[in-house]
Each structure stands twice: as structure tokens, then as C-alpha cells.
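User: I am in my first year and would like to understand how the words used for a structure follow from its values. Could we go through this one step by step?

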Amino acid sequence: MLDPKYLRDNLEEAQRRLATRGEEANLAAFTDLDRRRRELLGESEALKAEKNRVSAVIGQTKDKGAVQGEIVRMKEVSAQIKTLDDELKAVEENLQGLLLRIPNIPHEETPVGASETDNREVKRWGDLPTFDFEPKAHWDIGEGLGILDFERGTKITGTRFTLYRGAAAKLERALINFMLDLHTGEHKYVEILPPLMVNRDSMTGTGQLPKFEDDLFHLDDPDYFLIPTAEVPVTNIHRNEILAGSDLPVCYTAYTPCFRKEAGSYGKDTRGLIRQHQFNKVELVKFVKPEDSDAELAQLLDNAEEVLRRLKLPYRVVDLCSGDLGFSAARTFDIEVWLPGQATYREISSCSNFRDYQARRAAIRFRREDGEKPELVHTLNGSGLAVGRTLVAILENYQQADGSVLVPEALRPYLGGLERIDKS
RNA sequence: GGAGAGGUGGCCGAGUCGGCUGAAGGCGCUCGCCUGCUAAGCGAGUGUACGGGGUAAACCCGUACCGAGGGUUCGAAUCCCUCCCUCUCCGCCA
């Protein structure tokens, strides 16, 4: 959520910067509601002050007959307050609803652009593998080895669900452990195993609600949602809390399955593991002081990149332009891994600085020193990495002419020393 | 799922037949005093949000908040209703 005070004082600037997202924010409505709210609040509070004062007098008066007139008058005042508060409540609900639907303002350094094509490539790492045969797509490799079963996944549940068996299942598990060990052991993140279902407040805190309910799997009873990313439960760990400044930065990593409806992506990536309704991801989440968030994002991004470097998978980093930015993010770097089967780079991680946008929604604050006013933290998160897509990248980059797949050296200790996946 | 108990400030814990209780008391914490060291002792202070004033701040005024939301009342932490959560026992279960 944007700061209402900032909007009040810098309406044109906010409008202009939000416009770079290609989205028209209804800021005129904000101005009207905000003004009306303050009018009503002023009137209501003045009457409450009067009521409190007179009620105290009535309480001290023994002879109630002498204050009968005041009692009658206060009855009337209470009725007026009720009327004002009813309207105030409606105005505040509208205002809140409006603010919750306005996306974050892009970072000053976010490239301005309309879409994906305007994203700025900032880095390439690794040499692209060469093959003396036509490299296959991962779905062919996986089916050929008998380790990915797309048909049965669909039979058991439906489209965009896949059954892993044997080496693929083990490889997925090895990747999860490898990533968590790296981030907890060398990058000093604290491992979290959060709930996979969350309530509405949590979804609102990170920005999935109220605008993107259609993208989420929902349980009717109780009214819970399946998490689309560990960002949601992990960021909400500190919702409505005031952290000690000396504890920042707080860094968490969590492995969780993620559930997404992928509404509106019909026909896209229908083959293979790229776009599933359920996938595994290791997430990195940070709570930091505002002045540190740019540097912390750079570090988080590097922590995610390190996974690919250890696996020797070629990748590039892209600075997302304003038009391609997610709803809550101010700045986002995507890491895209090379997929030889499709001869293209595909997103495998998205690392973002949300600044105080989520912190304001979720009331996540910190105190620099004892006795000082609480301030909003900055929140960051990024995939470290999407596990299923990492498996895809390994299958495609490490595939051999005979259909087998070499295991990256860094993963072998996690697979009992296994060097190669053969048809089983 | 059944039965019972309970949700008050950073923590513990009082709140009588509804009225100077933002909330006793204790602990913790901060500052000052005292003190060979440590410990103890003395004094003062110690929530958040919103609105208004003042603005570089400090600060001042008002309102709200005793799990959440409604209701009764001139007035509710205290009474009534609904919901949520926690604990204990039973049942069930990985």
C-alpha cells in the first residue's frame, strides 16, 4: 500500500510514476475520499469529546434530576455520532479498498518500458553448452528416461500436474536440500517450514488480495488459500510486529510447494514442467532497514545466482522494466536460465524489493533504538530457486547423446554419489 | 467432534453493584542519584494508530484501542449477542 500522506502531498508525481506501469490509477477518487474522511473524523471526534466531558459530569452528579436535560442532549449527540461514524466507516472501507488496489511505485532506477521487450539485460554468466546432436526438450528426456509421467499426472488430477518417479523425484529432493544447505550454511538465512494454507489477512498483507483472488486456489471451509509462493507465509511471520533494529536484517529461507491457478495462461507452456499448478520452490525473504534495501536486493540476487553457478547452469539477469513489474514490487531482477531444448532463457527466479509497500499493508515495523518511533521495514524476496525449473535446466543442459543425463557435481553428494541418470 | 476454563500494556497480574482506569501492583527496560567491585537502594520515565496545531524536530490538544465485530446506556475492560483464538479433559488421528 502506498503512504496516504505521500499521495495527499504528491498526487501528480504519484500519478506520473504509476503511469509508467501502464496502469491508470484512480487518484482523483483517493483525494475525494481522503478529504471526506478527515471531515467526518473531525466532526465525529469533536462530538465525542463533548460527550465524554458531559458524561463525566453526569457521573459525578448525585441528583440525576438536575442533569436530566444533559442526559437527553447527550442521547441526541450519541445519535449524531452514530450517523457520522456509519458514513465514516463506509468512506474508510472505500478508501482502503482503493488503496489496496493501487500497485507500488517503481524504483527510481527501474527502467521505464511497456512490456517484457523493454527489460534490460544486465548480466550473462556461463558458456552455453554445445551438442553434437539435436538437444531435446526436457519432456522428451524425462519421458525417455521414464522419470517424468505427464499423462498419469493428468489422470490423477488434471492438466498442469506431473508425476515424478525414481531419479526425477530424487533429483527434485536433492535440489531442495542443496539449495537450503547453501542458503542456511553459507548465506546465513534461517530455515522456515511455514503453513501451506493462509488466511485472507496474510494474502492481503503481501498483495495477492484483494486484486488477484482469481489466481489462487481457495478452500471454502475454512476460508483459507493455498500459498502461491512461500513469500506469503514467510513475510507474514512478522505481520503486526515491531522488530528490534539491532535484529535487522532478518533473513529467512523456506522450501514449500506453491499452488497457482495460472488463470489466463491457457495454451502457454502446456508441455512439460515449466508452468504447473503445483511446483516446488525455495524462497529467500528479508526484512531490512529502508536505507539498506537496495544493497540487500543485490545480495539476495547474488545468493540466488550462486545456486546456478554451483550447478554450472548458464543464465542471465534481467532488470524488469516498469511495465513488467509485479503489483507489489518497486524493483525486480529476474534470473533466466538457459534451456537448450528450447534454445532460450527462461525465468527461474524473481528477486524483488518491495520497499515499504508490503510492510505498510502488513504493519511490519522496527525500532532503531529503544524509545524511538517505530518505522516500516523494507521487505524483499526472491526465488532461490524454482526447483522444478532447475530440474528442467539440468535435464536439458546435461543431456547426453544416448538419452542419459549427467548429474552436476555439486548435487552428487545429495544423490549417493550418482553421476548419471540412465533409463531405469 | 463433545465438555469445561480463559483471552487486559514488553511480560506477569488486579479491576468491586458499569462512571477521574490508558488502565492498580509487580517484573523488565531507559535516564539520573547513591555505591571500593558485584548486588541492593532511591527518584523520574516507559504503548500504538488516526486527526488537528506546531514544524527541522521537540512538543501540545483531541479521538480510538483491555481477542474481533455488533448491541444496551448520558457513560462499558466491566452487561447482552455473534465470531475468532488459547488452555484442560474426553474422543479421533500422522
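Analyst: Let us begin with a pair of helices in this predicted model. Helix 3 (residues 27-60) and helix 4 (residues 68-100) pack with their axes 8 Å apart and at an angle of about 155°.

User: Why are helix 3 and helix 4 called roughly antiparallel to each other?

Analyst: The angle between helix 3 and helix 4 is about 155°, and angles over 145 degrees count as roughly antiparallel, so helix 3 and helix 4 are given that name. The crossing of helix 3 past helix 4 is left-handed. Sorted by class, their contact holds 18 nonpolar, 4 polar and 12 charged residues.

User: What makes phenylalanine 131 and phenylalanine 133 an aromatic pair, and which kind of pair do they form?

Analyst: Rings pair if their centres lie within 6.5 Å, and planes over 60 degrees apart count as edge-to-face. For phenylalanine 131 and phenylalanine 133 the centres are 5.3 Å apart and the planes stand at 70°, and the pair is edge-to-face. By this rule the model has a count of 7 aromatic pairs.

User: Is phenylalanine 131 buried, exposed or partly exposed, and how do you know that?

Analyst: Buried means under 20% relative accessible area and exposed means over 50%, with partly exposed in between. Phenylalanine 131 has a relative accessible area of 22% and is therefore partly exposed; phenylalanine 133, with a value of 22%, is partly exposed as well.

User: What makes phenylalanine 327 and tyrosine 357 an edge-to-face pair?

Analyst: Their ring centres lie 6.0 Å apart and their planes meet at 85°, and these values are to be set against the limits of within 6.5 Å and over 60 degrees. Phenylalanine 327 lies in the loop between strand 11 (315-319) and strand 12 (331-339), whereas tyrosine 357 belongs to helix 11 (residues 357-362), so the pair ties together parts that are 30 residues apart in sequence. Phe327 and Tyr357 also form one aromatic cluster with Phe212.

User: Why do phenylalanine 327 and tyrosine 357 count as buried?

Analyst: The cut-off for buried is under 20% relative accessible area. Phenylalanine 327 has a relative accessibility of 11% and therefore counts as buried, and tyrosine 357, at 0%, counts as buried too. Lysine 188 has a relative accessible area of 61%, which is over 50%, so lysine 188 is called exposed.

User: What is noted about the backbone of lysine 188?

Analyst: Lysine 188 has a positive phi of about 65° although this residue is not a glycine, and its place is in the loop between helix 7 (167-185) and strand 4 (190-192).

User: Why is strand 16 (residues 378-386) described as mostly covered?

Analyst: Of the 9 residues in strand 16, 9 are buried, and buried means that the relative accessible area is under 20%.

User: How do you know that strand 16 pairs with strand 10 (residues 278-288) and with strand 13 (residues 344-355)?

Analyst: Two strands pair if there are at least two bridges between them. Strand 10 is joined to strand 16 by 7 bridges, and the two run antiparallel; valine 285 stands opposite asparagine 381 of strand 16. Strand 13 is joined to strand 16 by 4 bridges, also in an antiparallel arrangement, and the bridge partner of asparagine 353 is leucine 380 in strand 16.

Technical notes
Residues numbered from 1 in each chain as written. Chains lettered and ligands numbered in written order. Predicted model: local features only at pLDDT ≥ 70, side-chain atom pairs only at ≥ 80, totals over all residues. Heavy atoms only, no water. Buried < 20%, exposed > 50% of the residue type's maximum accessible area, 1.4 Å probe, protein only. Axes fitted to C-alpha atoms, helices over the stretch in contact; angles between N-to-C directions. Parallel < 35°, antiparallel > 145°, perpendicular 65-115°, else oblique. Left-handed = near helix turned anticlockwise from the far one by under 90°. Nonpolar A, V, L, I, M, F, W, Y, C, P; charged D, E, K, R; others polar. Phe/Tyr/Trp six-rings, centres within 6.5 Å; stacked < 30°, edge-to-face > 60°.
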